[in-house]
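Work through the exercises below with the model open. Try each task before reading its solution.

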Amino acid sequence: MTTATTFGLLDLVRCLPGMVPDLPEMVRSARGMLVGPDDRTSVGHVFQRTAQQTPSRPFLRFEDRSYTYGEANAEVNRYASVLAAQGVTRGDVVGVLMSNRPETLLLVLATVKLGATVGLLNHNQRDRVLAHSFGLLHSVLNVVGEECREAADSLPEPIPNELPAAELQRLARTADAANPPVCEDIRAHERAFLIFTSGTTGLPKASVMTHLRWAKGMYGLGGLGVRLRASDTLYCCLPLYHNNALTVALGAVLRARGTFALGRKFSASGFWAEVIATRSTAFIYIGELCRYLLNQPARPQEREHAVRLVVGNGLRPELWDEFQRRFGIRRIVEFYGASEGNVAFVNAFGLPRTAGFGPLPYAIVEFDDATGKAKRFPDGRVRRVVPGGVGLLLTKVTERSPFDGYTDAAATETKLVRDALDPGDAWFDTGDLVRDQGWHHVAFVDRLGDTFRWKGENVATTEVESAFDGIESITGAVVYGVDVPGADGKAGMAAITLRPGAAFDGRELAARLYRDLPGYAVPLFVRVVAELETTSTFKSRKVDLRRAGYAPADDSAVYVLAGRTEGYLPWYPAYPAEVAGGPAPRS
């Protein structure tokens, strides 16, 4: 197995010749990183300026549709005129519940050109979880696509101030296509997006993405790391409610004045055909996407594309070489970052099997496996791991790298580690384990705490646990993530106790969980135990349960999720390989 390595100065020097053609753009981007909070820099203004300077250049491709920068800017302005007529002004929030299609991206740009904030909702959420997300927005208007009607109808109460996306499009046909004057005055410190992320409270939190953070992502990840050219087309089939799509992919495209090819959703079997059809020369990935492609049978299309580079996060070191060799990818730009995080790493030098280089201050520290938090020593401080070691990543909060946090101030404070290395310092707790590779490079290892990542989504264990509430036959449930060999992230597993005399009903349980949870959050494994042990503070002993994984035991029964219809079936040894290969569970 190929693993993440450590690097020395010689490794970096060897990469420099391949970077020479990109040096002028890298110098310009380095200057751009100096943008300040009060500068007139914003997502909408970057797009608007590019459209004015290169109106005939292709900006967006989607299936059989395409837009030049000029055409897209005019449509964005018409959307902005409609939003303004609906009462949207600078500083307001517009909720967006739509799937991947051109109208969604154009609406995002229209909102930020008005100085308003886009609240991008996860259209996989349902019922009270989606209602909670809407409640965090405090939005003055909510645009809902007809394709998300099922999600909207699952809410306990109707969406307030709803504007159907079809009605927005109808009104836009006759709306003013002039640039909104306010776009020229928006400052970098103002909010651009609210991106939802799972936390330890059990319900989503809305992290704040300012125009400043977006611009630094555009110059840093886009200009210094990805380094697209104007002739490049970047394909993105990741959901637009993720920062990977809006900050990394869109930022890289706008920095290069390139083309954004939008996919409706990921299809392992149809991926290369769409990459070829959109004439893409790059694409953005998450680790699971790469694994699914590798699990597909070989076909000629996977070598007939024009892709020269890929950018993303979560490509495991043991898959790196095989992925690059099989698909003929010349450059892999892996990066590390969190939606709410204040520091990012990017593989700017093209080194293999690394999440990349991070120039801003961070610390990789020892952690407490029981709590998932930084370990405090007798002097009250934390300690860095030795070079090459694995530890919890903390990123320092400074004026240059502020932590914008969440819409909830209390939730923001819980993510900060204060007085960690020095009196008065403050660090953002990423909740992630990384390996110190030397020369400011890290490799991602795992997630800690009460969240785990599966199918490219962060899953809050307490959210899943609450879905077991009210099931008459179940008296208790503890949820955690477990490793599945050959699969990225951690699959969900629940340990449950049954009411005396009750029998485990795998079909009923699966139907209930699929009703109340997004598909990616439904646990793949269920262990029925006689008792759920707790600590003296009544916290469940998740560490012991995680260590046991899904291994059968004499004192408990393990069940596996076959699919939405079949429900949970008794454990069988071939199941983990079926999960890693894709056949299980069936949707």
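**Exercise 1. A helix over a sheet**

Task: Find the strands that helix α16 lies across, and describe the sheet order.

Solution. Start with the helix. Helix α16 covers residues 506–516 and lies across β25, β27, β28 and β29. Its direction is at about 145° to β29. Axes here are lines fitted to C-alpha atoms, for helices over the stretch in contact, and angles run from 0 to 180 degrees between N-to-C directions. Helices (H or I, at least four residues) and strands (E, at least two) are DSSP runs, numbered from the N terminus.

Before going further, note the ground rules. This is a predicted model, in which local features need pLDDT of at least 70, side-chain atom pairs count only at pLDDT 80 or more, and totals for chains, interfaces and linings use all residues. Residues are numbered from 1 along each chain as its sequence is written, and side-chain values use heavy atoms, with hydrogens and water left out.

Now the sheet. It is open, has 5 strands and runs in the order β25-β26-β27-β28-β29, with mixed pairing. β25 (474–482) and β29 (567–570) are the edge strands, each with a single partner, so one side of each has no neighbour in the sheet. From one strand to the next the twist averages 30°.

Finish with one pair. β27 (residues 525–528) and β28 (residues 557–563) run antiparallel and are joined by 4 bridges. Two strands pair if DSSP finds at least two bridges between them. F525 has V560 of β28 as its bridge partner.

**Exercise 2. A hairpin and its flanks**

Task: Trace the hairpin of β23 and β24, then place K455 and D450.

Solution. Take the strands first. β23 (residues 451–454) pairs with β24 (residues 457–460) in the antiparallel sense, over 4 bridges. T451 is bridged to A460 in β24.

Next, the turn. The hairpin has 2 residues between its strands. K455 sits in this loop between β23 and β24. Its phi is near 55°, a positive value in a residue other than glycine. At a relative accessible area of 34%, K455 is partly exposed. The scale is: buried under 20% relative accessible area, exposed over 50%, partly exposed in between (1.4 Å probe, protein chains only).

Last, the flank. D450 lies in the loop between β22 (441–447) and β23. Its relative accessibility is 28%, so D450 is partly exposed. The C-alpha atoms of D450 and T461 are 5.7 Å apart, with 11 residues of separation along the chain.

**Exercise 3. Two helix pairs**

Task: Classify the packing of α12 with α13, then of α2 with α9.

Solution. Begin with α12 (residues 287–295) and α13 (residues 317–327). They pack at about 55°, and their axes are 11 Å apart. That angle makes α12 oblique to α13. The classes are roughly parallel under 35 degrees, roughly antiparallel over 145, roughly perpendicular from 65 to 115, and oblique for the rest.

List the contact, meaning heavy atoms within 4.5 Å. α12 supplies C290, R291, L293 and L294, and α13 supplies E318, L319, E322, F323, R326 and F327. These residues divide into 6 nonpolar, no polar and 4 charged. Ala, Val, Leu, Ile, Met, Phe, Trp, Tyr, Cys and Pro count as nonpolar, Asp, Glu, Lys and Arg as charged, and the others, Gly among them, as polar.

Look at the rest of α13. Its buried residues are P317, L319, W320, F323, R326 and F327. They pack against α11 (271–277), β11 (282–286), α12, β12 (309–313) and β13 (331–336). G328 follows α13 and has a positive phi near 65°.

Turn to the second pair. α2 (residues 23–32) and α9 (residues 211–226) pack at about 170°, with axes 8 Å apart. α2 and α9 are therefore roughly antiparallel. E25, M26, S29, A30 and G32 of α2 meet Y219, G223 and L224 of α9. By class, this contact has 4 nonpolar, 3 polar and 1 charged residues.

**Exercise 4. Backbone checks**

Task: Which bond joins A584 and P585, and where does D127 lie?

Solution. A584 and P585 are joined by a cis peptide bond, with omega about -10°. P585 lies in the segment after α18 (575–581). D127 lies in helix α6 (residues 127–137). D127 has a positive phi of about 55° although it is not a glycine.
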